[in-house]
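Student: Hey, I've just opened this one and have no clue where to begin. Can you walk me through it?

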Amino acid sequence: MTQTFFTFAQPQPGLRVSITTQPAQDLGAVLCRGRFATPLGTVVAMGAGGALWGLGFAGAMSEDQVEADLAARWPRARLVEAPEALAPSLQALLAGEGDITVHLTGTEFQLQVWRALVTVPPGQVISYATLAERIGRPNALRAVGTAVGQNPVSWAIPCHRVTRTGGRIGGYHWGEAVKRALLVREGASIAPRTIAAL
């Protein structure tokens, strides 16, 4: 069931994202899940213990496909319908202010990339090459791009702020339209869509 909780508000400075990486196992975990209608499309969220574990957007994928995509990351967890447990985090994301906690499980390299993404402010973009340099791995451009694409908590860990060198928007796991909408909402300068030759 999709629930509508939110109104659209321009993001304000002041969203604070805390990252936890413990416990790293999903065995025996009970994850709350919820679907939320937002101005950016339906958001599917999962989490436990007050932390977001997963967040994705329907659009390019159906809501069921997004939920399956996220759930596959924690195959031993049990899912329970509890959108009310996730609503405060979604409200903070939409308002662009408040405190949220995200739970990340990944390799040390992935965690390094995801932590670096949190430092990119709203309204700004960073290239994959600059991100690779920022984490001290300038020759790991492909690996950095893969880690960005594997981010389980999109929007909260702002992988949408990574673009190709030269400002082209680049890919996004949940679809280019969602990435573009997130960047426009934040006031980021992005290259216009390519206009077909006449």
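Tutor: Sure. Keep in mind that this is a predicted model. Let's start at the end of helix α6: the residue that follows α6 is G187, and its phi is positive, near 80 degrees.

Student: Okay, and which residues of helix α6 are buried?

Tutor: Helix α6 covers residues 176-186, and its buried residues are V178, K179, R180, L182, L183, R185 and E186.

Student: What do those buried residues of α6 pack against?

Tutor: They pack against β5 (51-57), α2 (83-95), α4 and β9.

Student: Let's stay with β5 then. How many residues of β5 are buried?

Tutor: Seven of the seven, so β5 is largely enclosed by the rest of the structure.

Student: Which way does β4 run relative to β5, parallel or antiparallel?

Tutor: Antiparallel. Strand β4 (residues 41-48) is joined to β5 by six bridges. For one spot to look at, find M46 in the model: G54 in β5 stands opposite.

Student: And what links β4 and β5?

Tutor: The two strands form a hairpin, with two residues between them. G49 sits in that turn and has a positive phi of about 60 degrees.

Student: How about β5 and β7, parallel or antiparallel?

Tutor: Those two run parallel, with two bridges joining β5 to strand β7 (residues 98-103). A51 has T101 in β7 as its bridge partner.

Student: New topic: the core. Which residues have the most contacts inside the largest nonpolar core?

Tutor: That core has 58 residues, and the ones with the most contacts inside it are L52, L55, F57, V113, L131, V148 and W155.

Student: Pick V113. What is V113 in contact with?

Tutor: If you leave aside the neighbours within four places in sequence, V113 is in contact with L131, I135, V144, A147 and V148. V113 is also among the buried residues of helix α3 (residues 108-118), along with F109, Q110, L111, W114, A116 and L117.

Student: So where do the buried residues of α3 pack?

Tutor: Against α4 (128-134), α5 (141-149) and β9 (162-163).

Student: Last thing, cysteines. Is C32 buried or exposed?

Tutor: C32 is buried, because its relative accessible area is 17%, and the cut-off for buried is under 20%. C159 counts as buried too, at 7% relative accessibility.

Student: And how many disulfides are there?

Tutor: The count comes to zero. As a reminder, a disulfide is a covalent bond between the sulfur atoms of two cysteines.

Notes
Residues are numbered from 1 along each chain as its sequence is written. This is a predicted model: local features need pLDDT of at least 70, side-chain atom pairs count only at pLDDT 80 or more; totals for chains, interfaces and linings use all residues. Side-chain values use heavy atoms; hydrogens and water are left out. A nonpolar core is a set of buried Ala, Val, Leu, Ile, Met, Phe, Trp, Tyr and Cys residues joined through side-chain atoms within 4.5 Å. Buried means under 20% relative accessible area, exposed over 50%, partly exposed in between (1.4 Å probe, protein chains only). Contact means heavy atoms within 4.5 Å. A disulfide is a pair of cysteine sulfur atoms within 2.5 Å. Helices (H or I, at least four residues) and strands (E, at least two) are DSSP runs, numbered from the N terminus. Two strands pair if DSSP finds at least two bridges between them.
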